[in-house]
Amino acid sequence: MTDAERVAAEARRVLAGNRRRGVSAWEGKRYDFVCPSPTHYPFQWFWDSAFHAVALLHVDPELAKREIRCLLQGQRADGFMPHMLLWEKDAHPKALAEYLIRLERPFHTATIQPPVLARSILRIHEATGDDAFLREVLPPVLGFFRWLEERRDPDGDGLLSILQPDESGLDCSPKFDSAMGIVREPASETAPSLKRGMERLFRGELRFEFEDVMVNAIYADGLECLARLCPAEATGLRRRAARTLAALQDKCWDERAGAFFDLAGPQEEKSRVLTFTSLFPLILPGLDERRAKRLIDEHLLNPKEFWLEYPVPSVAATEPSFEPDYACRAIWRGPSWVNANWYLYHGLRAHGRADAASELARRTVAMVARGGMREFFNPRDATGYGATDFGWTTLALDLIASEAVHSGERSRPSLENAWPTT
Ligand code: GLC
C-alpha cells in the first residue's frame, strides 16, 4: 500500500467514526456532524466542521451538506455564528471543567472562529452543482459575513478584530504571548500562565484585540467565494474582499521582514513573531506578486524557518518560542497542522508554484502516514501529538485527490476548479 492509500483509508475511517447524530436537549434540535475527536473534542467546532465538509466530499457529498446544515442551526438571529456548539448535554460537565471557554447560552460559545465556511460551500457547490442547497445556505452565510463586517471591524479599516486568542483558532500561538502576559520559561510554565491569562480576560482585567492576518486572509477569501456563488451581490462582496486585502498589504506587511504580522491592540502594533499566520495572504490570488514571491522564497521554502522535513511548522524554527515536540503542552507552538498545509497548498498553486505545492502535499501525506490521524505533528520527524482520530487531518484526502487530478492520473472536473487561479 502507498502512503496515500493508507492515509485515505484511515481518513475515511475517522470521518465515519467521528460522526455524531441525535436529538439535543437544545430545543430538541437534531444534530448530525463529524466531531474533531471522540476523546478530546466531542462537540461541533466551527472551522473544524467547514474543513470536515471539504473532506466529506470525497466520501459522500450529502454528508458534507449535512455537516454545514447542522452548523447553521447554531446561528443567532443577528447573524452571529458561535465557535462551538455543545450538542450533547451529558458531555458538558467534563468539557466545562477542561476547556477555557465562556458560554453565551448553555449550548454555545460567545466567540467566533475563522470564516472557512464560505470556501466549504463553494467547494460543495462545485462538486455537486446543487443550486437548491445553495439557495438554502447562502442567506445565513451572507448574514454571518455581514455580522462580521458590522460587529468586528470597529475602526472600519476592512480588517476584522478578534477578542480572544481562540477566535483565531490558534489558541496558544506565541504571537499572543505578550498580549496575554505569558511566561515562557520554563516550558512547564507556558500552559499555566496561559490559563491565568484567559481567566483575567474572562474577568475583564485584560483587554485583547488583534487584527489577525490569518483570520483576515480567510475572511477575504470567503468574500471572494461568496461573490462567485452570488452574482447579484458580487460587486459589493468583491469590493469588501479587495478592501481587506488592501488593508493587509498597507498595515500588516513588513517590508524589512518580508512577511505579514498581526496588529495588536488599538495602537495596531505589529506582533513580530514569525508564525505560519505571516504566510497566509498567499491564499489570496490578488496578493502583490513581489510579496508573494518573498513569502514563498524567503520564508515558506526556507529550510531554516518553515521548510522543515514535515512542513509547515506553526512557528518558524528560528523563533525562540518554537517548540517542535509539544514540550510545553500548549498547542500551536511549533508542530505542523494539516489544515494550514491545505490552505498554503492552494496558496502556492494560486501563485504559480505548482511544484512546491505538490511537494507540500507529498510531505503532508507522508507525515500523516508516519504519525497517524493525530491533531498535529513534529515537523522534524512526523511524531503525532494531541488528539487521536482527529477530524481535519482528513483534509489529506482532498490533497491526495487534488494531486491526482493535477498529475493527470484521473480527471474530476469538480476538483479541478477547487481554487481560483490568477
Ligand atoms: C483547539 C484548536 C481549535 C480547534 C479545536 C477543535 O481548540 O485550537 O482551532 O477548533 O481545538 O479541534
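This is a conversation about reading the folding, core and empty spaces of a predicted model.

Student: Let's start with the whole thing. How many helices and strands does the protein have?

Tutor: Keep in mind that we're looking at a predicted model. The protein has 15 helices and 13 strands. Its radius of gyration is 20 Å, close to the 22 Å from the globule rule for 422 residues, so the protein is as compact as a globular protein of that length. If you like box dimensions, the C-alpha trace spans about 50 × 50 × 45 Å along the principal axes.

Student: And what share of the residues counts as buried?

Tutor: Here, 62% of the 422 residues do. You can also look at how far apart in sequence the contacting residues are. Taking contacts with a separation of 6 or more, 68% are between residues 24 or more positions apart.

Student: Now the inside. Which residues touch the most other members of the largest nonpolar core?

Tutor: That core has 146 residues, and the ones touching the most other members are Trp-47, Ile-68, Leu-117, Phe-276 and Phe-280. Helix α9, residues 213–229, gives the most to this core, with twelve residues.

Student: Can we zoom in on one of those? What is Ile-68 in contact with, leaving aside its neighbours within four places in sequence?

Tutor: Ile-68 is in contact with Ala-53, Leu-117, Ser-120, Ile-121, Ile-124, Phe-133 and Val-137, once those sequence neighbours are set aside. Leu-117 also appears with Ile-68 among the core residues that touch the most other members.

Student: What about a residue such as Asn-339: buried or exposed?

Tutor: A residue counts as buried when its relative accessible area is under 20%. Asn-339 has 2%, so Asn-339 is buried. You'll find it in helix α12, residues 338–350. Leaving out neighbours within four places in sequence, Asn-339 is in contact with Trp-47, Phe-51, Trp-332, Trp-392 and Leu-395. Asn-339 and Thr-393 are 54 residues apart in sequence, yet their C-alpha atoms are 7.0 Å apart in space.

Student: On to the empty spaces. How much space lies in the largest pocket, and which residues are closest to its centre?

Tutor: A pocket is an open space, while a cavity is one the probe cannot get out of. The largest pocket holds about 800 Å³. Of its 33 lining residues, Tyr-41, Tyr-99, Asp-171, Cys-172 and Ile-331 are the closest to the centre. Helices α2 (46–56), α4 (92–98) and α8 (190–202) each supply at least two lining residues, and α8 has the largest share with four. By class, the lining has 21 nonpolar, five polar and seven charged residues.

Student: How does the second largest pocket read? Which residues lie nearest its centre?

Tutor: Its volume is about 260 Å³. Of the 13 residues lining the second largest pocket, Ala-4, Arg-362, Val-365, Ile-400 and Glu-403 lie nearest the centre. Two or more lining residues come from each of α1 (3–17), α13 (354–371) and α14 (396–406), with α13 giving the largest share, five. The classes here are seven nonpolar, two polar and four charged.

Student: And the closed spaces: how many cavities of 30 Å³ or more are there?

Tutor: Three. The largest cavity holds about 50 Å³. Its lining is Glu-149, Asp-153, Gly-158, Leu-159, Leu-160, Tyr-219, Arg-240, Arg-243 and Thr-244. Helix α10, residues 234–252, gives the largest share of that lining, three residues. Sorted by class, the lining of the largest cavity has three nonpolar, two polar and four charged residues.

Note on methods:
Residues numbered from 1 in each chain as written. Predicted model: local features only at pLDDT ≥ 70, side-chain atom pairs only at ≥ 80, totals over all residues. Heavy atoms only, no water. 1 Å grid on protein atoms, 1.4 Å probe; cavity = no way out; pocket = protein on both sides within 12 Å on 5 of 7 lines; lining within 4 Å. Points joined across faces, edges and corners; volume = space filled by probe spheres on them. Nonpolar A, V, L, I, M, F, W, Y, C, P; charged D, E, K, R; others polar. Core = buried A, V, L, I, M, F, W, Y, C linked by side-chain atoms within 4.5 Å. Buried < 20%, exposed > 50% of the residue type's maximum accessible area, 1.4 Å probe, protein only. Contact = heavy atoms within 4.5 Å. Rg over C-alpha atoms; globule rule 2.2 N^0.38 Å.
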